[in-house]
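User: Please take a close look at the sheet in this model, covering how its strands are arranged and what packs on them.

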Amino acid sequence: MSNSDIADALLQACRQRGIMLATAESCTGGMIIAALTDIAGSSTVVDRGFITYSNEAKTEMLGVSAATLETHGAVSRETAVEMAAGALAHSRAGLTLAVTGIAGPGGGSAEKPVGLVWFGVALTGRPVVSECHLFADKGRNFIRRETVRHALELGLRALAADQAAGAAP
């Protein structure tokens with residue numbers, strides 16, 4: 001499936017649930033929200049996208065703690081979780097997708113190599129879910145494109161898991 005197909009499936013799942021969606025993006029610079037809004041009719045589901053490339057933007061727009069950024073760095077589980085929760089708190093969305101990572105070609109280190117991306121998924125009434133993925137260093141475009149795909153898939157999985165949990169006795 002293409003990223004466009006996955007984005008369409010996520011929009012349909014949100015529409016069926018009657019919830020809006022928002023993104024909080026760092027390393028993708030708006031590519032996730034663009035993938036969603038490229039689809040006609042997305043305005044019935046997409047609330048907004050936060051492009052928070054700088055630490056200041058993460059703090060000002062999403063409420064990410066300066067202490068979190070100082071202690072754990074922008075590319076961390078803690079930051080991804082706070083980004084997802086902040087997007088939920090600062091929007092009308094019931095589902096938020098957050099990404100923060102190192103797309104390269106520079107900026108990596110032994111502890112945080114190029115291709116490392118942290119994801120956060122927040123769903124109203126549920127704990128924020130985080131996940132880390134290390135994408136192959138096949139260039140900036142590859143890492144960003146795969147990050148978009150993975151974030152969209154995580155959104156679909158979160159909705160499916162929530163629906164299954166709600167259906168359980």
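Analyst: What follows describes the sheet, then the helices that lie across it. This is a predicted model, in which local features need pLDDT of at least 70 and side-chain atom pairs count only at pLDDT 80 or more, while totals for chains, interfaces and linings use all residues. Residues are numbered from 1 along each chain as its sequence is written, and side-chain values use heavy atoms, with hydrogens and water left out.

The sheet is open and has 5 strands in the order β2-β1-β3-β4-β5, with mixed pairing; strands here are DSSP runs of E with at least two residues, numbered from the N terminus, and two of them pair if DSSP finds at least two bridges between them. Because β2 (46-51) and β5 (129-134) each have a single partner strand, they stand at the edges, and one side of each is left without a neighbour in the sheet. From one strand to the next, the twist averages 15°. Within the sheet, β3 (residues 95-101) and β4 (residues 116-123) run antiparallel and are joined by 7 bridges, and T100 stands opposite W118 in β4.

Two helices (DSSP runs of H or I with at least four residues) lie across these strands, where contact means heavy atoms within 4.5 Å. Helix α1 (residues 3-17) lies across β1 (21-25), β2 and β3, running at about 145° to β3, whereas helix α5 (residues 77-89) lies across β1, β2, β3, β4 and β5, and runs at about 145° to β3. Those angles run from 0 to 180 degrees between N-to-C directions, with axes taken as lines fitted to C-alpha atoms, for helices over the stretch in contact.
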